[in-house]
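Colleague: I would like to understand the words people use for models like this one. Could you take me through a few of them?

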Amino acid sequence: MRRRDRGRLALGMDPLASSGRKKACLASPEQARPIGAPGSLCSCSCCRDQRPETNIQPSSAGKSADMKNLCLGAAVVAAGLLISNPYHLQVLTFIGIYTLLTLGLNMLMGYAGQISLGHAAFYGLGAYSTGILTVHFGWSPWLTLPASILLTAAVAYLVALPILKLHGYYLGMGTLGFGMIVFIFFREWSRFTGGDSGLVGIPALALGPVDLSSRTAYFFLVWGTVLAGFEVCGRIVNSRVGRALRAIHDSEQAAAAMGIDTSRMKVHVFVLSAVFAAVAGFLYAHMINFISPNSFDFMTSVRMVTMVVIGGMASIWGSVLGASVITLLPQWLHVFMDYEMLVYGLILMLIMIFIPQGLVRGITELYERSRTR
Amino acid sequence: MPQSIVELQSISKSFGGIQALYDISFKVRPGAIHAIIGPNGAGKTTLFNIITGLYRPDEGLVLFEQNPIHGLAIHQIVRLGIARTFQNVELFASMSVLENVLVGHHARLRSGFWGAIGRWPRVRHEESRAVEHAVELLRFTGLEELADQKSSDLPFGWQRFLEIARALASDPKLLLLDEPASGLNAVETSQLGELLMKIRERGVTLLLVEHDMSLTMGISDHILVLHQGRRLAEGTPREIQSNDAVICAYLGKD
């Protein structure tokens, strides 16, 4: 009953309105209007007084997302101003970069339900294209940002066209192969990428006279980008496109029957997630000033998938949590010395067994259960 | 005034060595309720899938409002005004009842990725119109109070009604229903019959594939009977009920 009332309230209706009135309305001849005609809303008097306000669910979802973004923004500002330990700041900045990666991959995996085991390739393409253009060609980093985004998006688009025709395990295999090809490319094209020894001397970022190379400044740059990414993803999720993505996840057949061009939609979200990875790669390259192929290998792709799954599929907020857990856990586990990886694996297993829906949803459910008790 | 909204012209379709449909011609008149019946394996679902674009006919034409549509992608056919429901109810399980109907609006809305990110006034207006219309459809099918529930939490009968509401959201001229009464009890089936009549009053043409004879005979204007991929009979429910060939096919020869 409580749930139902909440639904009515969300629809802007009087929760106490009797269903008898609704039945009376259904029987009225006013209903026999063609659907979709401009005046097709039921216009009998019994409906008019409970006609919903124009903005119902999407905007209320948007508002709570706005609140969350504000909270995260406040937390970011507070952390940036209060934390002065450079090591802690750097770890937090890394979490920001991983959050960006996870956010993009979550749009593809969590929402559209398409797996990618080669996403480190796009992360690497973003990093290497800015690295090569600045080091070898002397471009300004602010010119290389759009360049690396465009390049990565173009590659993602060309790869997506054939590869997203695959489903399930085969898509996993296909993206895995793609990731490996790109990794080998980074390693072997040594004239530009520096091969195994890496690409050295990537410049730090500066915004006019403002030097962004300090840890605090970079922290704000990365987390500012993350907040923008949150806003973008939140808006997409609560839109026609976001609904189409979730529909593809639930049933591709039914999604097509709704008029959704499923293959086009999948290609677009693949490109979107690659762009997020490219931006993360750009930020990574200019933070570390040095990149080598090993940062973009298969294990990085796997780590990205793990972050999505641990945080929670189809949960924008899970991206922060997943990225944080996977980044921080190994640091905390140093106390276990040689058994570090063992404990790490065990924790991941336990999370998957007991809260397979991901940390965000798991914690929310625990909280709700404790409240109803 | 066009004579037919959908016209099939000598459709044949085989899968491997099995001839699923053999030279089927059929016209669907606008504003009527049509039904396709026949024993299992008669080719009903194949015919259905040919109209919705899932299969391509080996031979023959499918005309929608006098234009050929065979060979178009499924989503393009939906945009022309043909919506469908599924035999096994294919709802979007992770989404709410209202969101399911909103997905049904997809073909009528235009905003894409950039519109979603920019959230221009036009996009917001389009979105709020879609929500209004979705709520109206839920009211029409009697599901309005459940708008906020997860669709997979609904009882099966209501899931069927939701699927119909979702199909109506694309503003179809023709609604195809694949065994809408399967899994429904007698009360729900009669409610379904009432709903289908109301949908016809809204100017939507209906074509159903159905096993439930009480429903089919009660609401159909015109029935096509298939048997082993061939047309066995065609006519009004009364004509079909007294047709010897149909009785033979259903009950076997005496």
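Modeller: Happy to; here are some terms and the reasoning behind them, and please keep in mind that this is a predicted model.

Colleague: Why are helix H11 of chain A and helix H3 of chain B called roughly perpendicular?

Modeller: The axes of H11(A), residues 240-250, and H3(B), residues 97-104, cross at roughly 100° and come within 10 Å. Angles of 65 to 115 degrees count as roughly perpendicular, so these two helices earn the description.

Colleague: Which residues meet there, and how do they divide by class?

Modeller: From H11(A) come A:Arg243, A:Ala244 and A:Ala247, and they meet B:Glu99, B:Leu102 and B:Val103 of H3(B). By class, that contact has four nonpolar and two charged residues, with no polar ones.

Colleague: What makes you say that H3(B) is largely enclosed by the rest of the structure?

Modeller: A residue is buried if 20 or more other C-beta atoms lie within 10 Å of its own. Eight of the eight residues of H3(B) are buried, hence the wording. Among them are B:Val97, B:Asn100 and B:Gly104.

Colleague: Now the sheet in chain B: why are E2 and E5 said to stand at the edges?

Modeller: The four strands form an open sheet in the order E2-E1-E4-E5, with antiparallel pairing. Strands E2 (18-28) and E5 (67-68) of chain B each have a single partner strand, so one side of each is left without a neighbour in the sheet.

Colleague: How do you know that E1(B) and E2(B) pair?

Modeller: Pairing takes at least two bridges, and seven join E1(B), residues 6-15, to E2(B), the two running antiparallel. For instance, B:Leu8 has B:Phe26 in E2(B) as its bridge partner.

Notes: Residues numbered from 1 in each chain as written. Chains lettered and ligands numbered in written order. Predicted model: local features only at pLDDT ≥ 70, side-chain atom pairs only at ≥ 80, totals over all residues. Axes fitted to C-alpha atoms, helices over the stretch in contact; angles between N-to-C directions. Parallel < 35°, antiparallel > 145°, perpendicular 65-115°, else oblique. Contact = placed C-beta atoms within 7 Å. Nonpolar A, V, L, I, M, F, W, Y, C, P; charged D, E, K, R; others polar. Buried ≥ 20, exposed ≤ 12 C-beta atoms within 10 Å, placed from the backbone.
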